[in-house]
Amino acid sequence: MATKILMDVEEYLRTSFEGADCEFLDGEVVERNMGELPHSTVQTDLCLLLLQLTAKLGIQVKLEIRIQINPRRFRVADIAVWRAGNIGARIPTVPPFLVVEILSSEDRMVRMQSKVQEYLSLGVEYVWLIDPEERRALVYSQQAPGGRLAEVLTTENPRIEIPLASVLPT
């Protein structure tokens, strides 16, 4: 059983963690599963595809970034995408329009549901939840908060369409 690490928000924001960044949930530092090759492959390939769209669509793409859900909750997104403009200085002060979460082998879809719902409650318009092992993705949105299976990862305003198969490891 993992030891719980308790700290205040200011200490969390000043702390660099060994390995993957940790989330902060109501005073508790929560480790995230380290990405393995399938996770890393999807994250890298998807990020590269999104980065190719930055100038054309006026978006900014960030990896492994802390997103404040409320004063005592910070989640760390695998990939987050904002429309062009000022998003803040240290921690973004506006929600991204797209968050991508990629499951590692130890992650479970059911455990990710609360994280997805927190993003949507914050105002994130789209959440892509990708499972490299199952070769599936769910796309959540403000219009479809329960998610839907998708073979093409999509958003509107700006319009993004990325076939799931193009980012899955072969």
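**A tour from helix 4 to the hairpin**

Begin by selecting Gly123, which lies just after helix 4 and takes a positive phi of about 115 degrees. Keep in mind throughout that this is a predicted model.

From Gly123, step back into helix 4 by selecting residues 109–122. The end C-alpha atoms of this helix are 20 Å apart, which agrees with the 20 Å that its 14 residues should span at 1.5 Å a residue. Now show the side chains of Met112, Lys115, Val116, Glu118, Tyr119 and Leu120, which are buried in helix 4. To see what the buried residues of helix 4 pack against, add strand 2 (23–25), strand 4 (59–70), strand 5, strand 6, strand 7 (126–131) and strand 8 (136–141).

Next, go to the loop between strand 5 (73–83) and strand 6 (98–102), and pick out Gly85 there. Gly85 counts as partly exposed because its relative accessibility is 48%, a value between the 20% under which a residue is buried and the 50% over which it is exposed. If you then select Leu6, which is 79 residues from Gly85 along the chain, you will find the two C-alpha atoms separated by 34 Å.

Finish with strand 10 (residues 152–155) and strand 11, which run antiparallel and are joined by four bridges. Thr154 has Glu161 of strand 11 as its bridge partner. The two strands, strand 10 and strand 11, form a hairpin with four residues between them, and Asn157 in the turn has a positive phi of about 55 degrees. Along strand 11 (residues 160–163), Ile160 and Ile162 point to one face and are buried, whereas Glu161 and Pro163 point to the other and are not. In a regular strand, side chains alternate in this way between the two faces of the sheet.

Note on methods:
Residues are numbered from 1 along each chain as its sequence is written. This is a predicted model: local features need pLDDT of at least 70, side-chain atom pairs count only at pLDDT 80 or more; totals for chains, interfaces and linings use all residues. Side-chain values use heavy atoms; hydrogens and water are left out. Buried means under 20% relative accessible area, exposed over 50%, partly exposed in between (1.4 Å probe, protein chains only). The expected span of a helix is 1.5 Å times one less than its number of residues. Contact means heavy atoms within 4.5 Å. Two strands pair if DSSP finds at least two bridges between them.
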